Amino acid sequence: MAGIGHVLINELGSNVNFIETRGNDGKHATQVSFSEAILSPIASFGGLYSPEALPQLGADFLSAHMDADYKGLARDILAAFDVDIDQAVIDEALALYDRFDDPAQPVPVVKVRDDLYVSELWHGPTRAFKDMALQPFGTVLSSLAQQRGEEYLILTATSGDTGPAALETFKNRANVRVACMYPDGGTSDVQRLQMVTEDAANLKVIGIKGDFDDAQSALKRLLGSETFHAKLREKCISLSAANSVNFGRIIFQTIYHVHSYLELVRQGAIALGDKVYLDVPSGNFGNALGGYYAMKMGLPVEKILIASNRNNVLTDLINSGRYDLRQRDVVPTTSPAMDILKSSNIERILFDLFGAARTRELMEQLDAEQHYELSAEELATIQSIFAADFCDDEQGKAYIKQAFVGGYLMDPHTATCLKAYESCRDKLLKTIVYSTAEWTKFSPVIANALTGEQGTSDIDALKAIAAEAKIAIPAIISGLFDKPIAQPTVIDKADIEQAILDFL
């Protein structure tokens, strides 16, 4: 069994290859480049690709980037991974951050309490943190497809934020088509409208009668299905994914953790080298995984706090070592983007800490028996890095109101982090909360938290909150309610494959 640090540390600028979380089946290459990992993200035995080594971004790197803007920091972190992507493509991809609210500061870090800072990741075109990774990722993947003269189908399963961000970044891009699956009734109305009003010819939005885990299971099944791949080959189409099973997402999600830490130094909240807590609302664990990799690359992090809602399978895993889905269904909550029970990126954590053989054993047991349990030694290792708690809907609304009275407006996913902030820290260190969505995406919940109103429509709630907080509703949100529905499809999950083939 590998100990902590299964992923080695490479010298800055050394090439990073990608290896398989469940070992090699003899049919896949034993290691692949970054471009190959993002174009074909599913590895042997249904596993994922993870970096064989990580670049070291120690004190010298951090010190050298104290005055760097976000794009400059991102460019140098990607250079440290030595990704096999042309620099011109990287520059084009990173230039998309110029379209965020403030091109000079795409990720503001806002002081909310003396030791609590909120990293606002939602200032992009779809008002959610998925833009941070998917905006540049769309440029990179489309460019690779064009360079190779290949056509790609990009599968996306969404609990609410990945879908709009993927559709936004890939719409009208050459050599790329997107099939986006979302749980009908399982997203906010704004999130749904962001998807179903998209009318680009290369996009297909599919509502399914089920939950996010059903959508994600369908995505993984199709990615690993030889029959589906063969049908696509007949159409000269290759297959990839925009979910965080794709490391092309994760590499961009490491960057804002480094940026947020440097912002605390710039603001005088900490000195360079001081440790902090990262407090992450977690569903599919990609955001937290980015923080974990940043920590391993040298970011001074005390622990990563994992905040969940009532779908608190991650809390159970980190506190007890048990991942148990038996007699458990997804519970609809007021933080729907976290209504997930199968968190894909836990697999990359298991692989990094315990190696491929153990990861394959655990993941196959989860698939076959719907549960697994870590050893006492493994649990101690997990708990040396992570702490976890969950926040129910009523607690979340109380945190929203408390923050608003204190002058800060937050969404229900961000609110879950305040519970972990209060319960999981054992040292009085500065804490960075990652705010994953703008208030506009969940306005009825926030209106209820602030006023007790129930049954308010999204548009009425938006107006009420805007008036109360004396802020404007972004035009990109208010305009959704006047756009025609271009993607009305809602089907049974058994019909997903045929619906995608019909689209193609």
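This is a short dialogue on reading a sheet and a cavity in a predicted model.

Colleague: Let's begin with the sheet. How do strands hold on to one another in general?

Modeller: Strands of a sheet pair through backbone hydrogen bonds, and the pairing can be parallel or antiparallel. Here, 5 strands make an open sheet with parallel pairing, and their order is β10-β7-β8-β9-β17.

Colleague: Which are the edge strands?

Modeller: Look for strands that pair on one side only: these are β10 (237-241) and β17 (490-492). On average, neighbouring strands of the sheet are turned by 30° against each other, with direction ignored.

Colleague: Which strand does β17 pair with, and over how many bridges?

Modeller: Its partner is β9, residues 203-209, and the two run in the parallel sense over 3 bridges. To find the place on your screen, look for Ile208, which stands opposite Ile491 in β17.

Colleague: And what does helix α7 touch?

Modeller: Helix α7 (residues 189-196) packs on the sheet, where it touches β8 (176-183) and β9. The direction of α7 makes about 155° with that of β8.

Colleague: Now the cavities. How many are there of 30 Å³ or more?

Modeller: The count is 4. The largest cavity holds about 260 Å³ of space.

Colleague: Which residues lie nearest the centre of the largest cavity?

Modeller: Of its 26 lining residues, Phe129, Lys130, Gly283, Asn284 and Ala337 lie nearest the centre. The elements that give two or more residues to this lining are β11 (276-281) and α12 (286-296). Helix α12 gives the most, with 3 residues.

Colleague: How does that lining divide by class?

Modeller: It has 10 nonpolar, 13 polar and 3 charged residues.

How values were computed. Residues are numbered from 1 along each chain as its sequence is written. This is a predicted model: local features need pLDDT of at least 70, side-chain atom pairs count only at pLDDT 80 or more; totals for chains, interfaces and linings use all residues. Side-chain values use heavy atoms; hydrogens and water are left out. Two strands pair if DSSP finds at least two bridges between them. Helices (H or I, at least four residues) and strands (E, at least two) are DSSP runs, numbered from the N terminus. Axes are lines fitted to C-alpha atoms, for helices over the stretch in contact, and angles run from 0 to 180 degrees between N-to-C directions. Contact means heavy atoms within 4.5 Å. On a 1 Å grid over the protein atoms alone, a cavity is a set of points where a 1.4 Å probe fits but cannot get out, and a pocket is an open set with protein on both sides within 12 Å along at least five of seven lines; lining residues have an atom within 4 Å of a point. Grid points are joined across faces, edges and corners, and a volume is the space filled by probe spheres set on the points. Ala, Val, Leu, Ile, Met, Phe, Trp, Tyr, Cys and Pro count as nonpolar, Asp, Glu, Lys and Arg as charged, and the others, Gly among them, as polar.
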